[in-house]
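Visitor: I am new to this structure. Please show it to me, and then take my questions one at a time.

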Amino acid sequence: MLTKFLATIATIFALAANAGPLIATDVVARASVPGAANSAAFMTLTNHSDASLRLVAVETAVARRNELHTHLNDNGVMRMRQVDGISIAAGDSVVLKPGGLHVMLMGLNAPLVAGTAIDIVLIDEQGGRYPINAPVVDIRKMKHAKPGAKH
């Protein structure tokens, strides 16, 4: 219940904060597993402008390295790889979810604890900055989670 409430508040906050062309909804960051140095964030990004938008970087203070990532099938083995950008066509949406595109948080400065939230900034190729507040949730309670998904 608290997780859904936090996600709703984060969505409202995102809509108010991101009055520009990019709106983030269903934003969540995965609570870290004990001993894990990495985590990830997921969301739906909608481009409300009349021009395509290309995200090229991500910033957050919770990890030493932050990257835009995807999962690729490498001869039957699923592997995560950094992507040089995420394009979102005018009026279109892109879903960042486990097993697909996502924000990778590597070298966490401290564990990500369910019930808290983190700040993330997405950056487009023109230098536009889109601040997002991501509630931290247990992976088992994530909307986009799929059984067996690992990061």
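Visitor: Which residues does Ile118 touch, not counting residues up to four places away in sequence?
Guide: This is a predicted model, and the contacts are read from its coordinates. Ile118 is one of the residues with the most contacts inside the largest nonpolar core. Leaving out residues up to four places away in sequence, the residues that Ile118 touches are Ala29, Val62, Leu105, Leu112, Ile132, Asn133, Ala134 and Val136.

Visitor: How many residues does the largest nonpolar core have?
Guide: In soluble globular proteins, nonpolar side chains tend to be buried together. Here, Met43, Leu45, Leu55, Val103, Ile118 and Leu122 have the most contacts inside the largest nonpolar core. The number of residues in that core is 30.

Visitor: How many helices and how many strands are there in the protein?
Guide: Read from the N terminus, the order of elements is α-β-β-β-β-β-β-β-β-β-β. The α at the start is the helix, and the β entries follow. The count is 1 helix and 10 strands.

Visitor: What share of the residues in the protein is buried?
Guide: The protein has 151 residues. It exposes about 7900 Å², and carbon and sulfur atoms supply 56% of that area. The buried share of the residues is 43%.

Visitor: Among contacts between residues at least 6 apart in sequence, what share joins residues at least 24 apart?
Guide: One example of two residues from separate places in the chain is Val113 and Ala31, which are 82 residues apart along the chain with C-alpha atoms separated by 5.3 Å. Val113 sits in the loop between β8 (102-108) and β9 (117-124). For the protein, the share of such contacts that join residues at least 24 apart is 67%.

Visitor: Is Ser39 buried or exposed?
Guide: Ser39 belongs to strand β2 (residues 38-47). Leaving aside neighbours within four places in sequence, its contacts are Arg30, Val103, Met104, Leu105, Leu108 and Leu112. The relative accessibility of Ser39 is 0%, so Ser39 counts as buried.

Visitor: Which residue has its backbone oxygen 2.5 Å from a polar atom of the side chain of Ser39?
Guide: The contacts of Ser39 beyond four places in sequence include Arg30. The backbone oxygen at 2.5 Å from a polar atom of the Ser39 side chain belongs to Arg30.

Visitor: The side chain of Asn66 reaches a backbone oxygen at 3.2 Å; which residue does that oxygen belong to?
Guide: Asn66 is part of strand β4 (residues 63-74), and it counts as buried because its relative accessibility is 17%. With neighbours within four places in sequence set aside, Asn66 is in contact with Val58, Glu59, Thr60, Met104 and Leu105. The backbone oxygen reached by the Asn66 side chain is that of Thr60.

Visitor: How many salt bridges does a search of the whole structure find?
Guide: Side chains of opposite charge can pair when their charged atoms come close. One of the pairs is Glu67 with Arg65, at 2.7 Å from N to O. In this pair Glu67 is buried, at 9% relative accessibility, and Arg65 is partly exposed, at 48%. The number of salt bridges found is 3.

Visitor: How far apart in the chain are Arg54 and Asp84?
Guide: The side chains of Arg54 and Asp84 meet in a salt bridge at 2.8 Å, N to O. The pair links strand β3 (residues 53-59), where Arg54 lies, with the loop between β5 (77-82) and β6 (86-88), where Asp84 lies. Arg54 is partly exposed at 23% relative accessibility, whereas Asp84 is exposed at 61%. Along the chain, Arg54 and Asp84 are apart by 30 residues.

Visitor: Which residue forms a salt bridge with Glu59?
Guide: The closest N and O atoms of this pair are 2.6 Å apart. The salt bridge links strand β3 with strand β10 (residues 129-137), and the two residues are 70 residues apart. Glu59 is partly exposed at 35% relative accessibility. The partner of Glu59, itself partly exposed at 46%, is Arg129.

Visitor: What pLDDT does the protein average?
Guide: Of the residues, 79% score at least 70. Over residues 11-18 the pLDDT is below 50, and over residues 145-151 it is also below 50. Where pLDDT is low, the predicted coordinates should not be read in detail. The average for the protein is 84.

Notes
Residues are numbered from 1 along each chain as its sequence is written. This is a predicted model: local features need pLDDT of at least 70, side-chain atom pairs count only at pLDDT 80 or more; totals for chains, interfaces and linings use all residues. Side-chain values use heavy atoms; hydrogens and water are left out. Helices (H or I, at least four residues) and strands (E, at least two) are DSSP runs, numbered from the N terminus. Buried means under 20% relative accessible area, exposed over 50%, partly exposed in between (1.4 Å probe, protein chains only). A polar contact is a pair of N or O atoms within 3.5 Å; within protein, one must be able to donate a hydrogen and the other to accept it, and residues adjacent in sequence count only if both atoms are side-chain atoms. Contact means heavy atoms within 4.5 Å. pLDDT is the predictor's confidence in each residue, from 0 to 100. A salt bridge is a side-chain nitrogen of Lys or Arg within 4 Å of a carboxyl oxygen of Asp or Glu. A nonpolar core is a set of buried Ala, Val, Leu, Ile, Met, Phe, Trp, Tyr and Cys residues joined through side-chain atoms within 4.5 Å. Accessible areas come from the Shrake-Rupley method with a 1.4 Å probe; for residues, only the protein chains shown count as cover.
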